[in-house]
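Thank you all for coming. Please have the sequence and the 3D view open while I talk, since I will be pointing to particular places in both.

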Amino acid sequence: MPKREDIRKILIIGSGPIVIGQACEFDYSGTQSCKALRDEGYTVVLVNSNPATIMTDPETADVTYIEPLTVEVLELIIEKERPQAILPTMGGQTALNLAVDLSEKGILEKYGVELIGAKLHAIKKAEDRELFKEAMVRIGLDVPKSAVVTSVRQGIEAVKEIGFPTILRPAFTLGGTGGGIAYNQEEYVELLDKGLKLSPVNQVLIEESVLGWKEYELEVMRDRKDNVVIVCSIENFDPMGVHTGDSITVAPAQTLTDREYQRMRDASIAIIREIGVDTGGSNIQFALNPADGRMTVIEMNPRVSRSSALASKATGFPIAKIAAKLAVGLTLDEIRNDITRETPASFEPALDYVVTKFPRFAFEKFPEADPVLTTQMKSVGEVMSIGRTFKESLQKSLRSLESGSYGLEPVEAPLDKIKMKLKIPGVERLWYIAQAMRAGMSVEEIGDYTKIDPWFLNHLKEIVGMEERIEVAGRAGVTPHLLREAKNAGFSDRRLSRLLGRDESEIRRLRKEQGIGPVYKMVDTCAAEFAAYTPYLYSTYERPFYTVGRGGVTPPLQPESEAAPTGRKKIVILGSGPNRIGQGIEFDYCCVHAVFALRELGFETIMVNCNPETVSTDYDTSDRLYFEPLTIEDVVNIIETERPVGVIVQFGGQTPLKLAVPLEREGIRILGTSPDSIDRAEDRRRFKQLLHKLDLKQPESDTAMSVQEAVDAARTIGYPVMVRPSYVLGGRAMEIVYDEDSIRGYMERAVKASPEHPILVDKYLNDAREVDVDAVSDGDDVVVGGVMEHIEEAGIHSGDSACSLPPYSLSEEITEEIKRQTRALAKELGVIGLMNVQFAVKKDEIYILEVNPRASRTIPFVSKATGVPLAKIAAKVMAGKTLKELGFTSERVISHVAVKEAVFPFDKFPGVDTILGPEMKSTGEVMGIDEDFGRAFAKAQASVNNRLPLSGKIVISIRDEDKPGICDVVKRLYAAGFSVIATKGTAAFLDGKGLPVEMINKVAEGRPHIVDLIKNKEIVFVINTVSGAQAQKDSFSIRRSALQYGVPYTTTVAGARAVVSAIEALRKKKVTIKPIQEYHRKG
Amino acid sequence: MGIKALLVLADGTVFEGYGFGAEGETTGEVVFNTSMTGYQEILTDPSYKGQIVMMTYTQMGNYGINEEDIESAGGIKAEGFIVREACPFPSNWRSSGSLVEYMERQGIVGIQDIDTRALTRHLRTHGAQMGIISTADQDPLSLLARVRAHPGISSSDLVKEVTVAQPYAWNEGCWKWCSPPHPSLARGEAEPVLKVAVYDFGIKFNILRNLVEAGFGVTVFPAQTPAEAVLETNPDGVLLSNGPGDPETVTYAIEAARKLMGKKPVFGICLGHQILGLALGGRTYKLKFGHHGGNHPVKDLATGRVEITSQNHNYCVDVNSLGGKVALTHVNLYDGTEEGMRHVDLPVFSVQHHPEAGPGPNDSTHLFRRFRELIEGVAV
């Protein structure tokens, strides 16, 4: 069927900021669908609030809106752009929910817009638990016993029928938010109450427990001629009970016979037809009772998903791209398989390897959070690895994680602790399983505790057994045979070095002497049945084959490798690995830009990464893709195969940066800023010398090896001071202390100081304004990309604070001086490429907090705000171009304002406080862009679902230090017609300043108190700042209840001030929209 | 890791690995299969007589073997098995033993731990060819001499080796998943309304099961049964089954097919399809490395629908050679080869792929109903 001609313009809705449950997989799907639809000749309008995406690059869509994803804004866009259709299936649950809202509010009808991909009735049938269940029963499929309830009373009635344990799933929430398992009535009522509140439709599904059952997922595609294909089957290592996003999963399904697999396949086809997803991809989850094979349907997502991104990377079948083409009427047999070129997309990929996905968590950032894995997703990222066998694939995934693991390292634990760790699924369960095996527990016993299929456990046992053999052999000398067997089973050189008590480099040398090296195989969708043309590669260890004939035996050759490196000039770009807090999509964005830029210069681009969610691991992005762990071993192997002119490490965040020095030691050329310069910026002593040389200021600092030294240092520097261990990154375990008691407390509680692990004590500049600068340098010229002034004061992690470009309160002189210092630093450091500097400004004094001679998190934001593709320019500079040659010689001055705001996962972690501090906690970011600061800030707040009120009652409860600053805020709120209510101390202070306010109890002061007001929805905004652990504890329930009841809040006075500015701006003029392309139109 | 084993191809290519299953030596045409599941069905499929099967998916034996998923009586029909890794610890609720033991019991030699992807690429480039697996002889040259001395499978009639000796009735339908709370597999039943005579050239049980499911009472005949003897039983239709080897060697079946057409509605599957092609005066040709797997898209030219099919054949019918006597009905979207035809005048149709699945997708099972409709149409 030809593509539809009645549609010319299509609106694609993105998924907004990165949150737990919705990460860069939707940038991948959105970018693919934009490309696919434009290739077919359609005009694509895109809206997404997340600037750190390739999809919001001005080149990706025809018209791009970086605007809040709200119904109001979408209506404005529809009104202006008049698309004929919306493709709502590319932007996760966010886009799907918006499509439902637009439809139900009559907006689609009003403007004559059609939903393509999935129609409203299909979305509702798939998403509404009751409708879905009815549909499944209609087609004869089994579903767990369940009931949909809309009140606690109803729920108590329903559970009598269903029994315990019971699974609760609130309708229409992200990543299973609010879901859980209740083992008793009390837990049940608590979870139910929470779930009802979290569900936007106040609906919770109560479900028969299928805990411990085997879990499967199938990725299904359907076209409008009703052709259906299954792209991939996935089997979960962790059985039902752990959210699939938090489970280790493998593809293809391993323990299903063909009969059982076909049953699941037939069911999937029946489901996609019954639900009525006209075209595109869906993800269907099944649970299977391991005792008797009973199969039940768990759920269906009528859209592309995290699993479909994984399936795309796992098979080479680009689901989102094809789904977009199907949505405009093409059929599967009309679309070509890019990889084989000859064959059509109407087929089912055949794998000849095993794919393992391993989740990555961030519990270390949220010590108060419960680290138990449940049906609510908690992981912040994931890795994927490919091996020929499960053992190899699994072991590769462990070292891809970058959590310090290189295999199944032992964990020291007594047997009862091990048993507990087996029973209660947590982050480290896999390692505890291996430890249980070392402790002599049998597969059956471990199976009883974990419910993990014995197939997986037996493989782990084989790995543990092989470790023992290696350790034993190590004493006498490991044989080439055993070494080969170990590499075959996926052992890293590092793990082998530990087992053999040698150095990693020694293992590498030993391996090379014996001719044991990796080969590269292709992911080709067809298990080599047809020739493939897309170099999408993974490493493995294989045995060679050889030829015999008349001339006798030809000696064994090298094993077959399909890498076939070209003779072109090439550059390797190292990616950023799994998403985690502090290192996310921003770095993938930079890596992708490096690829684009270097390709423009005629280089062959080679990407190495292991994150399946990303654009960088799309086989379409770089010339060659190595889906590999980012360890020194795996990277050196690739470089030895490819022989590039150099490697780029400065775009992927810490992951590749850590490899800079070891790579250089191997004689590999690092492009751009030298590792020595990087060291000069990172080493405290050398950095101090550098600043001294340039006559630049730094907050006073010292190093302490003991509690007493820390106390002395703090006294000399003067309180408050910021303390942190020297050996952790990303602000972990960093604290601001105001007195001697606190510093002693910190030293005892948080860290063990020692000569190897000194504690850093820095002067904390309270009330200072923090400024971020991104610049690019070619060694001679330095051009500033943008100066960003933070909203929150210095001391709050730069990744967590909102910021404005251009600065909204700094004087011209200060800004100019900051730029001058930036240029001086870049020149002195010999930066070639990107550099980020963090400044603090206190009373017109400028202090340098940090210099990072590499891509920073803010690069995509600056690029979107200014229209300058900084990462691309930097990549070209690193490849030898000068800024003059590139025509980028002066900073782009903008007349609009862009505000970045951070998004936090607090709603996923019950019990975690929402207070911000020096430790980064945000998962993603949004951008608000408009003509003035107030409206840009308001848009940013709307994008993080912190909708600013225009009238009503605002509650204020703040610490003493902040009180002087709040007067102005209250005055302006009164002027804007708000009423204000405050807790005792705050109220008394304001009263004293001639600002009478209503008074309300703190929670400890009796009722009604502040939390009651929040729960009764009498409050439209909460301003709450605290200092000190006790005060923080006392006011915790204020912030949690604001979060839970969706009341917008701020925890800083600076934030409050910005909010007031935004409210004032909003009251003056309504929000308008403007595409990013128009902001940056030249001339 | 087991005993050392060698695989030597007729072109002199040698793969060193480890034996699994029975020890010894086996010779056959080496073909690769891209199905990720269904090894038990594949091993017991009589069409693999004379062939050594290599699986492109790397983990085999994961779910063991069971009593239900067999496609012929008397166990494994393939000559040997090549895998990357054979699993000794199967896991599945229906499993009654491991693949390794099963092969051992049945005397089937296997080799594992070789680069199966390299072998696939080799066969793709150089074509399917004879190979020998040995755990007994470690000398590649002597193995090469032996595999080259083998006459090959094209010249021999393999159907004789796998067909049934005596006619028999079959009344078992497709396996049924029983409904909860106690799901398990049960033998299907159906009330027969029509009689079908089945020529067994190496038939898979799933064809018989699907015939019962479509409402047929089934009688299976040995391959060499003369057409007259079948016609005497006055069936409503005749099915020509799948089977191994080169269709041109099965002259008696071609003869029988020629006599049956026009007298009874005929449905041919795989080898049966090729036999019909030859009986109608057409020619068949051999594919370079055949189609063996469960993911080939086949387009039904009448409906425009694409079905994902189960495939297992080395030969194709050149439909153009039939001079307009038949119409092409199905096409393989991978390589454009013929997948089905229909006689323009007579109630005769056939497909190259396997509508009975087992293993593979069930997208084409409706063809059995089409056969019934064809018969009922003729009767009216």
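I will go through the contact between the chains, then the cores, the domains of one chain, one sheet, and finally some backbone details.

Please keep in mind throughout that this is a predicted model.

Let me begin where the two chains meet. On one side there are 54 residues of chain A, and these are in contact with 55 residues of chain B. If you look for the elements on the chain A side, helix H9, residues 258–275, helix H16, residues 454–476, and strand E19, residues 545–549, each supply at least two residues, and the largest share, seven residues, comes from H9(A). By class, that side of chain A divides into 23 nonpolar, twelve polar and 19 charged residues. Strand E19(A) also takes part in pairing across the chains, since three bridges join E19(A) to strand E2 of chain B, residues 13–21, and the two run antiparallel. To find one of these bridges on your screen, go to Tyr546(A), whose partner in E2(B) is Val14(B).

Now to the interior. As a general point, nonpolar side chains in soluble globular proteins tend to be buried together. Here the largest nonpolar core has 387 residues, and those with the most contacts inside it are Ile573(A), Ala594(A) and Ile648(A). This core also draws at least three residues from each of domain 1 and domain 2 of chain B. Which residues does Ile648(A) contact, leaving aside its neighbours within four places in sequence? They are Ile571(A), Ile573(A), Leu574(A), Ala594(A), Leu671(A), Gly672(A), Ala875(A) and Met878(A). There is also a second, separate core of 57 residues, which includes Leu158(B), Ile203(B), Leu208(B) and Val319(B).

That brings me to chain B, for which the domain assignment gives domain 1, residues 4–154, and domain 2, residues 159–379. The C-alpha centres of these two domains lie 26 Å apart, and the contact between them takes 26 residues from domain 1 and 26 residues from domain 2. On the domain 1 side, strand E3 (25–33), helix H1 (39–43) and helix H3 (116–126) of chain B are the elements that give two or more residues, with the largest share, three residues, coming from E3(B). That same side of domain 1 has nine nonpolar, ten polar and seven charged residues.

Back in chain A, I would like to show you an open sheet of four strands, in the order E25-E28-E26-E27, with antiparallel pairing. Its edge strands are E25, residues 701–704, and E27, residues 735–737, each of which pairs on one side only, and neighbouring strands are turned by 25° against each other on average, direction ignored. Three bridges join E26(A), residues 721–725, to E27(A), and in one of these Met722(A) is partnered with Ile736(A).

Lastly, the backbone. A cis peptide bond joins Ala251(A) and Pro252(A), with omega about -5°, and Pro252(A) is found in the loop between strand E12 (249–251) and H9 of chain A. The peptide bond from Arg1007(A) to Pro1008(A) is cis as well, with omega near -5°.

Is Asn234(B) buried or exposed? It is exposed, because 9 other C-beta atoms lie within 10 Å, and the cut-off for exposed is 12 or fewer. Phi of Asn234(B) is near 50°, a positive value in a residue other than glycine.

Terms used:
Residues numbered from 1 in each chain as written. Chains lettered and ligands numbered in written order. Predicted model: local features only at pLDDT ≥ 70, side-chain atom pairs only at ≥ 80, totals over all residues. Pairing = 2+ DSSP bridges. Axes fitted to C-alpha atoms, helices over the stretch in contact; angles between N-to-C directions. Contact = placed C-beta atoms within 7 Å. Nonpolar A, V, L, I, M, F, W, Y, C, P; charged D, E, K, R; others polar. Core = buried A, V, L, I, M, F, W, Y, C linked by C-beta atoms within 7 Å. Buried ≥ 20, exposed ≤ 12 C-beta atoms within 10 Å, placed from the backbone. Domains from an automatic or database assignment.
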